[in-house]
Every structure is written in structure tokens, then in C-alpha cells.
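Trainee: I am new to this protein and would love a close look at a single part of it. Could you take me to the spot that the database record marks, and show me how it sits in the rest of the chain?

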Amino acid sequence: MSVKRPAAVIVLSAGEGTRMKSKLPKMLHEIAGRSMLGHVLEAARATDPEHTVVVLGHKRERIAQHLERVAPEALTAVQEEQNGTGHAVRMALEDLADKGLKLTGTVVLTCGDTPLLRGETLNGLIAEHEREGNAVTVLSARVPDPHGYGRIVRDDAGSFTEIVEHADATPEQLAIDEINSGMYAFDGSLLTEVVQRLSSDNAKGEEYITDVVSLLRGDGHRVGAWSTADRHEVQGVNNRVQLAEARRLLNERLLEQHMLAGVTIVDPATTWIDSEVSIGVDTVVLPDSRLYGTTRIGEDARIGPGADLRDTVVGDGAEVRETTADRAEIGPETTVGPYTYLRPGTRLAERAKAGAFVEVKNSNVGTGSKIPHLTYVGDADIGVGSNIGCSSVFVNYDGVDKSRSTIGDHVRIGSDNTIVAPVTVGDGAYSGAGTVVREDVPPGALAVSEGHRQRNVEGWTRRKRPGTASAEAAEEAERRRADSANE
């Protein structure tokens, strides 16, 4: 049977989460590149609901700001006082009614602290709910240690009869390993009516959503329970220990997905990958690698060991090892590392190289150009086929402003050079070892330092390096300059 899109998914996120011992709201703690709440919203999004409603309470302004970034389509309802799960659902339904929205289809209730929940599971719950024609369907799970959870009680035929809280269970019921996850699918019209009948006449003085199940059954409506195949999906996170456990479990799931899709993960125990990372087929990820954020890696690449990449693009066939990269672009067949730092704005073109102990920031490095070792390149544009000598520094900051340097095509910068921005080194130019480049270098010239002055030897490349790519680039640049002067 085809499953209708739910009328709404309600996400409970009003709790204070005191056991996290954190200034950050519990639902905003990060796991695999998303907040816990973000993972639940991603699962909810897979059901294509007509409305998504997040119930807010503790530090609601901060969570609302987060929602504007990750789920702008979500509506919010406020639970001023945390008077139980049933009260939270009532606040959500009343808020929707105030907006003129009447729920006539299936309403799914989830919890914002279950980051392992999958969209497939919610869709399975909805399908079971509609197939059985239930007024409410409880999402359950079988767990090895049910202590503290409400038990799902079934009759001899295996049909769901009730939820019994741990404190109220008989010895026989305590032996039941099927537990209530706190997530449900409801008939929206019936739910809207029944939540108005909830009572807070109990030990905690709160309205419980579990009471809706017994009220609906008492009214003669059909109720049921559907068990998820993966008990970890309903596992709530209440402290940092549980957060770390959920992160490990989610990482194992993500790694398995990548491996089944054709990626080699050499050592899953030391490899960490965020939810939105993409990796092409036949790429190898070596031990102790961490891929964060929206990092995208092409096919046939080799990542690691020791790669730490965040929001970075890596082209097909590239090799990146012992490298930290943040918002960088690494072209196809480019080699990076070891011990390299690529800062935001770095763009390495095809077959480029950034080698050992190299730092690059906000710079463009052209096709086939190399920065082999012990060099800092900041705010620079380097052309095609150029080489930056060992231990060179691009001086881009004068204490007040930052300026850019331009290195042309097929340039050879000598070892231990200092490039003082703003400066342009023309196509095919060379510089001697230890040169401080303070002035523009014409195409094909050799720049050397004489004392505190820079001297440019015009035509040096043509005379001393004939037939090289540098000489050809210099000659072409000189022709262009001559043509421009004659115009």
C-alpha cells in the first residue's frame, strides 16, 4: 500500500538536559557534523510531512536560531513550563490550531535527543500504523537491559495491550525486553481531542503522552506497537557518556555505508566521518583520518594517514596525507603533505603540489605548480607550472593591511626567498637563493638581492635557460608586452 505523507511530525525539545552539565542546550550538542536535533529533523524530513513542529522550552531562543539555519521550514511551539510529554504535545497542537492548521492525517511524535533515528524507521512506523488502521501505534524496541523503561505488554496472540511503567510492573512484566521508545504515530483528529482529557493527577503532577494510549484503547479504538529492527535508533542521549556512545555507533553506520558503496576504509577504528561527507568509489581512506562537515572527495583518491579535512573538496586521484585542511580545494591528481596546512580560501589546481611543512592560505596555485617544502604562501596567485623554492615566505601583512602577490607561469622562485606583497613576478622569471623580492620582476628576468637592493637581470631566462618552459613563457610575455606598447 502507498503511505500518505503525515500531517505533522512533532519533535519534543523542551527539556533542560541537566545531566549534560553544559551551558549548551542538550539538543544542540553535535554528533557527526549535525546537532542531535538536526539528526532527528533529517529523519523527520524523510517522511515528507505537511508540517514539522519543534516544541521548545529551555533556552528556546538559542534553539530557534539554530532551526533558522538547519530547518527553516520547521514551526515552533513553546512549552513555558515543562509539565510532561502530554502537555508538550498539547502545546504543539494548540499552536497549530492558532495558526489555522487542522490535523486530519497521521501525526508522528519523536524526541529531539535520539540522533540515531532513521527516516526509514519513521516511514515504517507510519506504514504499520496505516496498514493496521490504528488510532495510535507505539514505536518499540527490544533491548538487552530494559531497566527503567516502560514495558510493552502483549496478549497471548501477540497483540499490544498496554504500556506499563517500570515502577508499576509486576515481576513477570519486568522480564519483558520490549520497551516503549517514547515515539508514536497517532490519528491526528483523535489525538487533538484526547490530549484535552489528560490529567496531571499523578506523583509528578505532569501530563503523560502514554496516558493517550490507554484513553484511546478505553474508548474502543485500535492501538498497536511496531518494533524497530535496530534498538540503537531509539536510544536517547542524556549525558556526555551516552553522547560519545551515540557518536561511535553513528560513525560505524556511516563507515559501513561508505564501504558498501565502494570506498576502502583501512582502519574503521581510527577513522571518523561526518554525516554529510561524500566519497567517490575506489578512494582509499587510511588510518587516523577525520573527514568533517561537507567534505567532498572524488574517485580514486588516497586520503591519509593522518588527514584532517573540514569542508574541503578533493579531486579525483589526489593524494592527501598528514594534512589539515579547512575550506580548501584540492584539484585532481594533486599531492598534499605530509604535515601540510591548507587554510580557508586555498585552491590547488590539477596536478599541483603542496609538500612537507607547507602552509597555504587564501591563495590560488595553478596547474602543475609546486610548493615542495618549508614554505608559507598567503594571499597569492601562482600561475601554471611554477615552483616555489624551499623555505620561502610570502609576506602578505604589513601590520595594518594584507596585500596579494602574483607569480606568473613557469616561474622559478629560489630557496629562502621573501616575497613582499604587493608584488608581481612575471612569466618565466627566476629569482636567486635568498632574494628579497620587493619590486615587480619582469617576465624572463632573474631577480637577485645585492645588499639591501633588488636587481633584475633582464632577459636572463632566455639566455641561460633556452628551450625550457620558463623561457617560452617569458618570450610569449615579452611579445605580449611589445604588442601592447605598439598599439
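Mentor: Happy to! Let's begin with the setting. Please keep in mind that this is a predicted model. Its 54 positive and 73 negative charges have mean positions that lie 6 Å apart. The protein has 10 helices and 40 strands, and its C-alpha trace spans about 100 × 45 × 45 Å along the principal axes. The radius of gyration is 31 Å, while a compact globule of 487 residues would have one near 23 Å. Buried residues make up 51% of the protein.

Now to the part you asked for. In an unreviewed UniProt entry, the annotation "binding site" covers D113 and N238. These two span 126 residues in sequence, yet their C-alpha atoms are no more than 7.6 Å apart, so they gather at one spot.

Let's take each residue in turn. D113 lies in the loop that runs between β6 (106–111) and α4 (119–132). Is D113 buried or exposed? With a relative accessible area of 13%, D113 is buried, because the cut-off for that word is under 20%. Setting aside neighbours within four places in sequence, D113 is in contact with K26, M27 and M36, and also with Q235, G236, V237 and N238.

That last name brings us to the partner. N238 also has its place in a loop, this one between β11 (223–227) and α8 (240–260). Not counting residues up to four places away in sequence, N238 touches R19, M20, K26 and D113. If you compare the two lists, K26 turns up in both, as a contact of D113 and of N238. So when you rotate the view, try finding D113, N238 and K26 together.

For a contrast, look at another loop residue, K59, which is found between β4 (51–56) and α2 (60–70). K59 is partly exposed, with a relative accessible area of 33%. Its backbone is worth a glance too: phi of K59 is near 50°, a positive value in a residue other than glycine. Most residues other than glycine have a negative phi. R327 has a positive phi as well, near 55°, and sits in the loop between β22 (323–326) and β23 (329–330).

To come back to your spot: the record's "binding site" annotation covers D113 and N238, and each of them lies in a loop, D113 ahead of α4 and N238 ahead of α8.

Note on methods: Residues numbered from 1 in each chain as written. Predicted model: local features only at pLDDT ≥ 70, side-chain atom pairs only at ≥ 80, totals over all residues. Heavy atoms only, no water. Helix = DSSP H or I, 4+ residues; strand = E, 2+ residues; numbered from the N terminus. Rg over C-alpha atoms; globule rule 2.2 N^0.38 Å. Buried < 20%, exposed > 50% of the residue type's maximum accessible area, 1.4 Å probe, protein only. Lys, Arg positive; Asp, Glu negative; His and termini not counted. Charge placed at Lys NZ, Arg CZ, Asp CG, Glu CD. UniProt positions renumbered as here; feature names shortened; annotations may be inferred. Contact = heavy atoms within 4.5 Å.
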